[in-house]
Each structure stands twice: as structure tokens, then as C-alpha cells.
Amino acid sequence: MTADYGRRLWRFTKGAMLRNLPLMITCRQFDDFMLDYIEGNLPARQRRVFELHLRVCRECRDYLAAYKETMTLGKRVFGDPESALPEDVPDDLITAVLEARRSRPDSREPGL
Amino acid sequence: MHDRLTSFEANAEDEELLAGLRAGSDRHADRFVRTHIGWMRAVALRLLKDDGLADDCVQEALIKALRSIGKFEGRSKLKTWLHRITVNQALMKLRSRKRLEEDLIDPLLPDFDENACRIEAPWTQRVSAEQILSTAQQRRLVLSKINELPDNYRIILMLRDIEEMDTAEVADCLGIAEGNVKVRLHRARAALKKLLEPLLRGDVL
């Protein structure tokens, strides 16, 4: 029996369990709930069902952990001072903005 | 909104600056532009990934802000108001540059079998974000992977996770339903997870 066949057989058994046992959801349903779970928007009962799936499903547990780590990576990579985009702005850009403003003195909003 | 944006509190100095701007003072306009152009350009550059486009965007955003400063009523913080103008201007630039691709994300979405079971290779280890970001080379790699996301998903990930706007604000900026924002955000994060997997699994270390 190959490892791949073994994994497929296990998934088939797990799929049948998840679809038929009470309070169980499939991995696909779990995936649909993920965003609301992470943002704390799931009602208590749905949260319990979600967390039950998390306990019985190794794949979704690993997946959720990697998904959360990805969110952290995305947030931190821009916040990192060393990789932050330079905030020093070329002087000619500042000049261009100020000149554009001066060249259209009539363009201010009415009623100021 | 972002911490460093919300830390801007309206104070006596800003009131004086706003009063000067409304009176059309050049000196105040100069100070206003110099105070805000740096972070606004950084926002534009994150969204547009191009120096020239970001410069155009920030120039247009500042001119728009200066012309409509009379409409700023102080209900939101000045920096929040400017952030929104910058984001809107960047989105207009993206739209005019090209149609946002729609279908390229499918191969990056999670895999399920015919029983709706997740197909996920076993994880023997998971490298932490902190560890991954500890070298400049890997930080560049993470940034390049974010930039590989199709624009219509990347933008939502950027606005929600990086610019820290809420779902309603993003929906409003893009003119789409909140449900659509949530679906696209989830897909964008899932796609990024797949793109970053070699790093997260430690295969690149």
C-alpha cells in the first residue's frame, strides 16, 4: 500500500465521518468559516463546531496555523524599519505640488 | 487605521495650520505638504509598486486635499482623511493602468478532494514570521511574493492587513459589497500562504 493510497483512504474515511456525524463540518465548510473565526465574528455555537473540527482535523489545524503565520508575515514585512519604504521625498516633487497649487488659485472650493 | 496614522491628534498647531490653509496661505501650504508627503508617498508606493506612479498619485492626492481642505470638518483625524484620499487616488491609478486580472488566483487556492476534505502535505516544522524576516534577502522575497498576487486580491490584502482599513471602508473605496471584500481577503491570504510555503516550511533557509 503506497503512502498516497493510504492518505486517500484516510481522507475518504474522514470525509464520511465529517459529513455524517453530528456537530461535524467538512474541511471545505471549515474554510468558509475561517475568516469570521479569526475576526471573532462567529456566534458561540458555530465557534464550538469550528473548534471541534480543528481538534479532529490535523490538515485544517496545520493550515490555519500557516495561514495565521502568513498574516503575521504580511503585516510585519512592511512594518520592519529596515525594509520600510523611504519616506524622504525628492524636493522636486514637493515643488511640483506647491506650484500646481499656486498655478490654480481659482480652483479652491467655493464657500471657504 | 494604522497605529502610526491614528497617533496624529488634532492639536492647536494643526488648527493653526488648517486656518492658514483655508485662508490660502503659501507658507501653510508648504508646511502642510512637507509634513504629509512622506508617509502619503509610502502608502502610494506600497499600493502601486512603481515610483513614477506613486509620485503622480501623491501629487494628485495633495492637490485634491489642498483644494478641498474647506470640506475637511475635523470629524475624522486629518491624517485619516488624507490616507483615504491617497488610497482612492492610488485605486484610480490602478484602474486606469490596466483592468484588474480576475482569474489568476485559482491555482493558489486551497485544495480539497471530492469528499470536501483538505489536501495538505504534512507539516514537519513551521518557521516563525520573526525568523523568516530576520534576513534582508528573505524580507525581499516575502515582499516579492505579496507583489505576485493578482492586483484585485493584493489590493484588498494591502488595504485590510497593511493599511488596516476595516471591511466597510474597503468595500466603500472599491465600490463592492462587504461580502465580496471578505471572500477576496480570504482568498488573497490563502494564495499568499501558498506562495510563502517554501519559506514557512523552512525549505528556503
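Tutor: Domain bounds are taken from an automatic or database domain assignment. On that basis chain B splits into domain 1 (3-97) and domain 2 (106-200). Before going on, note that this is a predicted model, in which local features need pLDDT of at least 70 and side-chain atom pairs need pLDDT 80 or more, while totals for chains, interfaces and linings use all residues. Residues are numbered from 1 along each chain as its sequence is written, and chains are lettered from A and ligands numbered from 1 in the order in which they are written.

Student: What separation do the centres of domain 1 and domain 2 of chain B have?

Tutor: Taken over C-alpha atoms, the centres of domain 1 and domain 2 of chain B are 28 Å apart.

Student: How many residues of domain 1 of chain B are in contact with domain 2 of chain B?

Tutor: Start with the rule: a contact needs two C-beta atoms, placed from the backbone, within 7 Å. Eight residues of domain 1 of chain B then meet nine residues of domain 2 of chain B. Helix 3 and helix 5 of chain B each supply at least two residues on the domain 1 side. Helix 5 of chain B gives the most to that side, with four residues.

Student: How are the helices themselves defined?

Tutor: They are DSSP runs of H or I with at least four residues; strands are runs of E with at least two, and numbering goes from the N terminus.

Student: Where does the largest nonpolar core lie?

Tutor: Two terms come first. A residue is buried with 20 or more other C-beta atoms within 10 Å of its own, exposed with 12 or fewer, and partly exposed in between; the C-beta atoms are placed from the backbone. A nonpolar core joins buried Ala, Val, Leu, Ile, Met, Phe, Trp, Tyr and Cys residues through C-beta atoms within 7 Å. The largest one has 64 residues, and Ala44(B) and Ile156(B) touch the most other members. Helix 3 (residues 26-48) of chain B gives the most to this core, with eleven residues. Domain 1 and domain 2 of chain B both give residues to this core, so the core lies between them.

Student: Which residues does Ala44(B) touch, leaving out those up to four places away in sequence?

Tutor: Ala44(B) touches Ala54(B), Cys57(B), Val58(B), Thr86(B) and Ala90(B), with residues up to four places away not counted.

Student: How do helix 4 and helix 5 of chain B pack?

Tutor: Fit the axes as lines to C-alpha atoms, for helices over the stretch in contact; angles run from 0 to 180 degrees between N-to-C directions. Helix 4 of chain B meets helix 5 (residues 78-97) of chain B at about 130°, and their axes are 9 Å apart. That makes helix 4 of chain B oblique to helix 5 of chain B. The classes are roughly parallel under 35 degrees, roughly antiparallel over 145, roughly perpendicular from 65 to 115, and oblique for the rest. Residues on the helix 4 side of the contact include Leu53(B), Cys57(B) and Ala61(B); those on the helix 5 side include Leu82(B), Ile85(B) and Thr86(B).

Student: Which backbone angles should I check?

Tutor: Look at phi. Most residues other than glycine have a negative phi. Lys49(B) has a positive phi of about 60° and is not a glycine. Lys49(B) sits in the loop between helix 3 and helix 4 (51-67) of chain B. Ala116(B), also not a glycine, has a positive phi near 65°. Ala116(B) lies in the loop between strand 1 (111-112) and strand 2 (118-119) of chain B.

Student: Why does Lys49(B) count as partly exposed?

Tutor: Lys49(B) counts as partly exposed because 15 C-beta neighbours fall inside 10 Å. Ala116(B) is partly exposed with 17 other C-beta atoms within 10 Å.

Student: Is Gly175(B) buried or exposed?

Tutor: Gly175(B) is exposed, with 7 other C-beta atoms within 10 Å. Gly175(B) is in the loop between helix 9 (167-174) and helix 10 (178-200) of chain B.

Student: What does the secondary structure of chain A come to?

Tutor: Chain A has five helices and zero strands. Of its 112 residues, 21% are buried.

Student: How many residues of chain A are in contact with chain B?

Tutor: 46 residues of chain A are in contact with 53 residues of chain B. Helix 1 (3-20), helix 2 (27-38), helix 4 (58-79) and helix 5 (91-102) of chain A each supply at least two residues of the chain A side. Helix 4 of chain A gives the most to that side, with 17 residues.
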